[in-house]
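Here's a walk through how a few helices pack, how the chain divides up, and what surrounds the ligand. Have the structure open as you read.

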Amino acid sequence: MNDFLWQERDSQDFIDYGRYFVPQREYQLQTIADLIPPPNGPAHILELSCGEGLLAEVLLHRFPLVTVHGYDMSPVMLQQAKARLVPFGERFAPRRFNLAEREWRTAEPRFHAVVSSLTIHHLDGAEKQQLFRDLFPMLLAGGTLVIADLVTPTRALGTAVAANGWDEAVRQRSQHLDGNDDALARFEQLKWNLYRYPEDPAVAIDKPSHLLDQLKWVEQAGFTAVDVHWALAGHVLYSAIRPET
Ligand SMILES: C[S@@+](CC[C@H](N)C(=O)[O-])C[C@H]1O[C@@H](n2cnc3c(N)ncnc32)[C@H](O)[C@@H]1O
């Protein structure tokens with residue numbers, strides 16, 4: 001693995017601080033589930049970069065006939081997810097993968113839905129376009145794509161709004177969960193707010209794209225009903241459908 005990929009120290013920081021750093025996290029997780037039609041029988045959902053399994057847990061509770069295939073690059077994350085999801089037995093199917101590679105992508109339409117939270121931004125624009133093209137044939141006709149992620153604002157004032165909004169969201173969660181600003185201080189210390197601390201593009205592990213570009217790429221890949229459902233502090237949640245015909 002090269003130095004410009006997500007590292008296990010990032011996994012541990014996210015496991016420790018994700019509940020503070022992700023704006024309206026519980027709302028996002030429930031909304032992703034709300035956007036997936038309940039399947040009529042046994043079905044499969046693919047989660048790209050499942051992390052510690054929080055979204056998979058919501059999906060497994062919500063859809064009792066569904067198997068969630070949780071892929072991630074990090075052994076630490078996969079271990080956490082496996083431990084969390086023991087009660088669901090074989091309905092959680094973990095796998096180690098690299099999102100940027102293509103060996104895990106198949107032409108077989110298998111999935112009722114493909115979901116992802118806070119990971120597509122690890123791909124650059126061209127890689128995102130290829131990902132959307134490759135996910136399309138993996139979904140069954142009528143299947144749903146739901147993505148929650150960071151995006152790049154189109155102008156400096158938008159970036160400032162995202163930076164300030166993200167700090168404020170972390171401050172509120174820090175106060176709400178712990179009654180102090182300690183998690184906000186850690187957010188600042190880690191320079192996690194990429195709108196305030198832009199990464200050097202030559203070594204960046206985060207490569208968010210403009211929202212409108214992403215929606216166009218999704219549509220160009222063949223998806224319809226492309227729609228945005230929520231946005232806050234540079235974070236967005238959107239979905240699309242693989243049409244029936
Ligand atoms: C910010 S965390 C989000 C985790 C989880 N989806 C969530 O929302 O709680 C980013 C996740 O992407 C995974 N990841 C980072 N780069 C990856 C890559 N190139 N291939 C696969 N997974 C990757 C990390 O291991 C981590 O679980």
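Let's start with a pair of helices: α2 passes α3 in a right-handed crossing. Keep in mind that this is a predicted model. The axes of α2 (residues 25-34) and α3 (residues 54-62) come within 10 Å and cross at roughly 45°. That angle makes α2 oblique to α3, because it falls in none of the ranges for roughly parallel, antiparallel or perpendicular.

Which residues make the contact between α2 and α3? From α2 you get Leu-29, Gln-30, Ile-32 and Ala-33, and from α3 come Leu-54, Leu-55, Val-58, Leu-59 and Arg-62. Sorted by class, that contact has seven nonpolar residues, one polar and one charged.

Now for another pair. Helix α5 (residues 125-135) packs with helix α8 (residues 211-220) at an angle of about 30°, and their axes are 8 Å apart. The crossing of α5 and α8 is right-handed. On the α5 side, Gly-125, Lys-128, Gln-129 and Phe-132 do the meeting, and their partners in α8 are Asp-213, Gln-214, Trp-217 and Val-218. By class, this α5 and α8 contact has three nonpolar, three polar and two charged residues.

Next, the overall layout. The protein chain is divided into domain 1, which covers 8-154 + 201-241, and domain 2, which covers 158-189. Their C-alpha centres lie 24 Å apart. How many residues of each domain are in contact with the other? Ten from domain 1 touch 13 from domain 2. On the domain 1 side, the largest share is four residues, and they come from helix α1 (residues 8-21). That side of domain 1 divides into seven nonpolar residues, two polar and one charged.

Helix α1 turns up again at the ligand, where it gives the largest share of the surrounding shell, three residues. There are 21 residues around the ligand, and those that come nearest are Trp-6, Gly-51, Met-73, Ser-74 and Ser-117. The shell's make-up by class is in the table, next to that of the other contacts.

| Residue set | Nonpolar | Polar | Charged |
|---|---|---|---|
| Contact of α2 with α3 | seven residues | one residue | one residue |
| Contact of α5 with α8 | three residues | three residues | two residues |
| Side of domain 1 that touches domain 2 | seven residues | two residues | one residue |
| Shell around the ligand | eleven residues | nine residues | one residue |

Conventions: Residues numbered from 1 in each chain as written. Predicted model: local features only at pLDDT ≥ 70, side-chain atom pairs only at ≥ 80, totals over all residues. Axes fitted to C-alpha atoms, helices over the stretch in contact; angles between N-to-C directions. Helix = DSSP H or I, 4+ residues; strand = E, 2+ residues; numbered from the N terminus. Parallel < 35°, antiparallel > 145°, perpendicular 65-115°, else oblique. Left-handed = near helix turned anticlockwise from the far one by under 90°. Contact = placed C-beta atoms within 7 Å. Nonpolar A, V, L, I, M, F, W, Y, C, P; charged D, E, K, R; others polar. Domains from an automatic or database assignment. Near = placed C-beta within 6 Å.
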